[in-house]
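Q: Could you take a close look at one spot where two helices meet, and walk me through it slowly? I'm new to this, so please explain the terms as you go.

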Amino acid sequence: MERIRGMREERYEYYGREESKYPGRLKLLPRMPEGIYVKGKLPAEDEPVVAIAGARACSSYGRQLAFEYARILAECGVQIISGLAYGIDTGAHEGALAGGGKTFAVLGCGVDICYPKENYPLYRKMLAREGGVLSEFPPGSAPEAWHFPVRNRIISGLADAVLVVEARERSGSLITADYALEQGKLVFAIPGRVGDALSRGCNYLLYQGAGLAYQPECILEELGITSTPNHKIKYKIKNFSKEEQCVYQQLDILPKSLGELADITEYSMPVLSKILLTLQAKGFVEESYRNYWRKFGQY
């Protein structure tokens, strides 16, 4: 094993294909790199891994789905792997951390470079929570465009199953799915509305025979993992006022209009707006677009 020093004097490790610490899942597959650079940790060999892939320019709904699925899977002991990109990848990493799990990123650059740079706080948090970042490219390697399709074979190779959340017809996520199929891995997709550009890739995968992941339990079942009875995300509502709890329980990840919430709760618009702003300040809801609200993030 060779120790590498990179930027900021942080340590990285390099595992050659013949070394015992080289990922066992990759050793079994053809066309894998001769060695891999690792910062932090690698996914545990004896614990399940699910890769989550999808569009960088995703919808807010798609990103929240990635968060929700990753969170529930992580709560059930599944490690989450993705690519640290904008959009679906970011939602997946954040969801895994929110679920108390470990998450890993395969980079299209050196492990000493966070790309995109805006995800640096997430990059650090992943490492602090016993996760890791890895790459076949040496430290200092820039994020070249051709690196990203190539790295997708490692994402799928390290996973037991791949979930595609949102993807266009021609998408790097479909490249990941193709690699997964070649490698004999399970492939799942979340369906979307017919005609939506971001749904075409997922709907095509379903047409081709991918597993329909209409809820996270579909994936857990295929992995042989039993979730707790009536498994739901557990919302920390014990400190909510009666009014906050009433409004919060009417929300979902799909946005509802202010008028619709007023009809359901029978609160006046000023009172309802004040409650929603309080919940937003606590990190439990967000205004997706003007006067449309949904559950969000810190459950």
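A: Let's go straight to the crossing of H5 and H6, which is right-handed; that word applies if the near helix is turned clockwise from the far one by less than a right angle, and left-handed if anticlockwise. Keep in mind that this is a predicted model, where local features need pLDDT of at least 70, side-chain atom pairs count only at pLDDT 80 or more, and totals for chains, interfaces and linings use all residues. Residues are numbered from 1 along each chain as its sequence is written, and side-chain values use heavy atoms, with hydrogens and water left out.

H5 covers residues 147-157 and H6 residues 172-182; helices here are DSSP runs of H or I with at least four residues, numbered from the N terminus. Their axes come within 8 Å and cross at roughly 45°. An axis is a line fitted to C-alpha atoms over the stretch in contact, and angles run from 0 to 180 degrees between N-to-C directions. So the two helices, H5 and H6, are oblique to each other: under 35 degrees would be roughly parallel, over 145 roughly antiparallel, 65 to 115 roughly perpendicular, and the rest is oblique.

Who does the touching? On H5, Pro 149, Asn 152, Arg 153, Ile 155 and Ser 156 make the contact, and on H6 they meet Gly 172, Ile 175, Thr 176, Tyr 179 and Ala 180 (contact means heavy atoms within 4.5 Å). Sorted by type, the contact has five nonpolar residues, four polar and one charged.

As for confidence, the protein's mean pLDDT is 89, with 91% of residues at 70 or more; pLDDT is the predictor's confidence in each residue, from 0 to 100.

Notes
Ala, Val, Leu, Ile, Met, Phe, Trp, Tyr, Cys and Pro count as nonpolar, Asp, Glu, Lys and Arg as charged, and the others, Gly among them, as polar.
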